[in-house]
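These are my notebook entries on one protein model. I set out to record how its strands and helices are arranged and where its open spaces lie.

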Amino acid sequence: MELRQLGRTDMRVSTLGFGGAEIGFEKATQDTVTRLLDDALDAGLNIIDTAECYPNSEELIGQAVAHRRKDFFLFTKCGHPVVYTDADWRPESLLKTIERSLARLKTDRLDLVQLHTCTEADLRKGDVISALQKARDKGQTRYIGYSGDGNAAKYAIECGAFDTLQTSLSVMDQDNIDVFMPLAVEKQIGVIVKRPLGNVVWKYKDQRPTMPYHVPYWERLQKLKYDFTAGDPAAAAATALRFTLSIPGVHTAIVGTTKPGRWRDNAAALAAGPLPQDQFDAIRQHWRKIADPTWAGLT
């Protein structure tokens with residue numbers, strides 16, 4: 001699997017990373033997670049990304065692969081984005097959360113701790129950043145990052161405090177390519193992409209999803225009507241993933257699954273290399289022509 005240098009960090013990361021949200025929200029069994037992660041690590045995937053607010057995700061990961069800690073980079077997030085529960089950005093709460101994550105993940109250090117979608121106003125106050133810096137000084141994490149979109153993400157890059165940014169980029173979510181990706185490249189920020197497949201909403205075809213989480217991307221697709229999403233769903237996923245990883249400045253894409261064989265499909269898609277420039281440009285031009293100006297990056 002291709003490796004890319006993650007910004008200014010010392011981490012050479014696989015272009016495909018494992019995202020821990022699905023195993024929590026979809027209540028995957030411990031056996032499934034253990035098989036899934038062992039298989040992925042054996043084949044060269046070297047990022048596991050999760051968050052303390054994904055139900056049971058940290059515990060499942062810790063139980064599955066703590067004994068293989070040297071085989072991968074371990075990322076988590078702290079603080080609760082409002083989409084999951086009431087936000088708590090008190091520095092003391094963030095530090096307790098990080099300690100709890102270490103225990104759940106059965107490790108004595110994290111490679112990256114990320115603030116989980118706090119507002120630009122919270123970032124500008126500085127307390128939340130200081131909390132992560134304190135955790136870094138204590139040796140609980142090697143690097144610190146911000147996970148989010150829009151103006152808050154832009155400020156996170158500009159302020160110079162963070163090593164990485166995790167943000168939404170996909171064929172259905174291209175606003176951030178123009179909003180701050182050139183700045184991320186200039187500042188040598190490590191860029192981790194969440195939702196690189198836009199929740200694979202083309203699988204619903206004309207049937208509106210029942211999961212609220214998927215509806216905004218599905219609604220966008222009804223207007224965008226990309227030609228490549230009308231055919232084979234697996235081929236569409238391959239094109240979408242290759243598009244995301246062809247965006248200048250992107251280092252890795254985090255994909256979640258509860259199906260042990262699914263990540264292999266994604267890895268096989270990436271083996272074809274970057275999307276040809278003419279295809280990449282066509283998707284960008286189509287977005288610029290069709291996309292609504294209100295379609296900002298989704299949290």
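**Cavities, pockets and fold**

I looked up the interior space, and the largest cavity holds about 60 Å³. The model is a predicted one. I searched for cavities of 30 Å³ or more and found one.

I then listed the lining of the largest cavity: Leu16, Gly17, Phe18, Leu45, Val255, Thr257, Trp263 and Asn266. I noted that strand 3 gives the largest share, three residues. Strand 3 and helix 12 (262-270) each supply at least two residues of this lining. By class, I recorded five nonpolar, three polar and no charged residues for the cavity lining.

I turned next to the pockets. The largest pocket has a volume of about 1200 Å³. I recorded 43 lining residues for the largest pocket, and Glu22, Asn199, Tyr213, His214 and Gly256 are the ones nearest its centre. Helix 1 (21-25), helix 11, strand 10 and helix 12 each contribute at least two residues to the lining of the largest pocket. I sorted that lining into 19 nonpolar, 14 polar and ten charged residues.

For the second largest pocket I noted about 200 Å³ of space. Its lining consists of Trp202, Lys205, Asp206, Leu221, Gln222, Lys225, Tyr226, Thr229 and Ala230. I entered four nonpolar, two polar and three charged residues for the second largest pocket.

I went on to the sheet. Eight strands form a closed barrel in the order 3-4-5-6-7-8-9-10, and their pairing is parallel. On average, neighbouring strands of this sheet are turned by 30° against each other, with direction ignored.

I checked one pair within the barrel: strand 5 (residues 73-78) and strand 6 (residues 110-116) pair in the parallel sense over four bridges. I looked up Cys78 and found Leu115 of strand 6 as its bridge partner. Helix 11 (residues 233-245) packs on the sheet and touches strand 3 (16-19), strand 9 (190-194) and strand 10 (252-256). I noted about 145° between the direction of helix 11 and that of strand 10.

Last, I examined a helix pair. Helix 4 (residues 91-104) packs with helix 6 (residues 127-137) at an angle of about 35°, and their axes are 9 Å apart. I recorded the crossing of helix 4 and helix 6 as right-handed. Helix 4 brings Pro91, Leu94, Leu95 and Ile98 to the contact, and helix 6 brings Asp127, Val128, Ala131, Lys134 and Ala135. I classed the residues of this contact as seven nonpolar, no polar and two charged.

Terms used
Residues numbered from 1 in each chain as written. Predicted model: local features only at pLDDT ≥ 70, side-chain atom pairs only at ≥ 80, totals over all residues. Heavy atoms only, no water. Pairing = 2+ DSSP bridges. Axes fitted to C-alpha atoms, helices over the stretch in contact; angles between N-to-C directions. Contact = heavy atoms within 4.5 Å. Left-handed = near helix turned anticlockwise from the far one by under 90°. Nonpolar A, V, L, I, M, F, W, Y, C, P; charged D, E, K, R; others polar. 1 Å grid on protein atoms, 1.4 Å probe; cavity = no way out; pocket = protein on both sides within 12 Å on 5 of 7 lines; lining within 4 Å. Points joined across faces, edges and corners; volume = space filled by probe spheres on them.
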